[in-house]
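Here's a quick tour of the model below. We'll begin inside, then work out to the surface.

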Amino acid sequence: MDGAIAAICFWLVGFGIGFGDDDGHGIVGTNYYALVGIDGDLGDVKGYSYANFFFQWAFAGTAATIVSGSVAERTKFEAYLLFSAICSIVIYPPVVHWIWGTGFLSPRAFPDETETIFKPLFSRSEDSNGVMDYGGSGVVHMLGGFSGLMGAIALGPRNGRFDMDGKPLPMPAHNTAMMALGATILWFGYTLALPTSLEC
């Protein structure tokens, strides 16, 4: 459900903030809301921009979903869906614009800079290459993890996790086979996905 909320919000507003033109200020994009005005092709590649939107939506949904493990069993479902919407509109898109778009931390050049593919970090000098983010380690995973940490701090521990003296109470055993299966699927997926990442 949070993926659906993230898709709608990222389509309506988030993609424009993250990958729209920023008129040189480097903070947020100002066009491509609801993909209006986007050119679907990149040179001879048909539909590139739409495929890029789908790829970026998956990352936006991932950033929101990472938080679910940190706040599990401590929030109402509606509150978590509200967070997914806020993350997909307000939190994730500016960060992705700064680093993967044409923002002030990005290694990508402004459209009018033809002499170099790199854009400097902060100073806009020729000596800096900007932030190099491999496979979403900073933009997606660090943002999601930090958001989850803030949520966990705000919510506090689960009810029934500690006794009145602050000592931890025993928790029921987890399903070890399912944990191993999940770790294997993630490991296999990351092994395939990260070497093919173009966002570095």
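## The core and what surrounds it

The largest nonpolar core has 24 residues, and Phe-15, Tyr-92, Trp-100, Val-139 and Val-140 are the ones touching the most other members. A nonpolar core here is a set of buried Ala, Val, Leu, Ile, Met, Phe, Trp, Tyr and Cys residues joined through side-chain atoms within 4.5 Å. At least two residues of this core come from each of α1 (2–19), α2, α3 (77–99) and α4. In soluble globular proteins, nonpolar side chains tend to be buried together.

This is a predicted model, where local features need pLDDT of at least 70 and side-chain atom pairs count only at pLDDT 80 or more, while totals for chains, interfaces and linings use all residues. Residues are numbered from 1 along each chain as its sequence is written, and side-chain values use heavy atoms, with hydrogens and water left out.

Back to Val-140: leaving out residues up to four places away in sequence, Val-140 touches Phe-59, Thr-62, Ala-63, Ile-66, Tyr-92 and Trp-100. Contact means heavy atoms within 4.5 Å.

Zooming out, the protein has five helices and zero strands, so the pattern along the sequence reads α-α-α-α-α. Helices (H or I, at least four residues) and strands (E, at least two) are DSSP runs, numbered from the N terminus. Of the 200 residues, 34% count as buried. Among contacts with a separation of 6 or more, 56% join residues 24 or more positions apart.

Here are three residues to compare, with buried meaning under 20% relative accessible area, exposed over 50% and partly exposed in between (1.4 Å probe, protein chains only).

| Residue | Helix | Relative accessible area | Class |
|---|---|---|---|
| Val-67 | α2 (residues 48–71) | 4% | buried |
| Ala-7 | α1 | 21% | partly exposed |
| Ile-153 | α4 (residues 137–155) | 59% | exposed |

What does Val-67 touch beyond its neighbours within four places in sequence? Its contacts are Phe-83, Gly-144, Ser-147 and Gly-148. Val-67 also sits 6.6 Å from Gly-145, C-alpha to C-alpha, though 78 residues separate them in sequence. Ala-7 and Ser-88 are 81 residues apart along the chain, with 8.1 Å between their C-alpha atoms.

On the outside, Ile-153 joins Phe-146, Leu-149 and Met-150 in a nonpolar surface patch with about 410 Å² of accessible area together. Such patches take residues with over 30% relative accessible area and no salt bridge, with nonpolar side chains (Val, Leu, Ile, Met, Phe, Trp, Tyr) joined within 5 Å and like charges within 9 Å. A salt bridge is a side-chain nitrogen of Lys or Arg within 4 Å of a carboxyl oxygen of Asp or Glu. Accessible areas come from the Shrake-Rupley method with a 1.4 Å probe.
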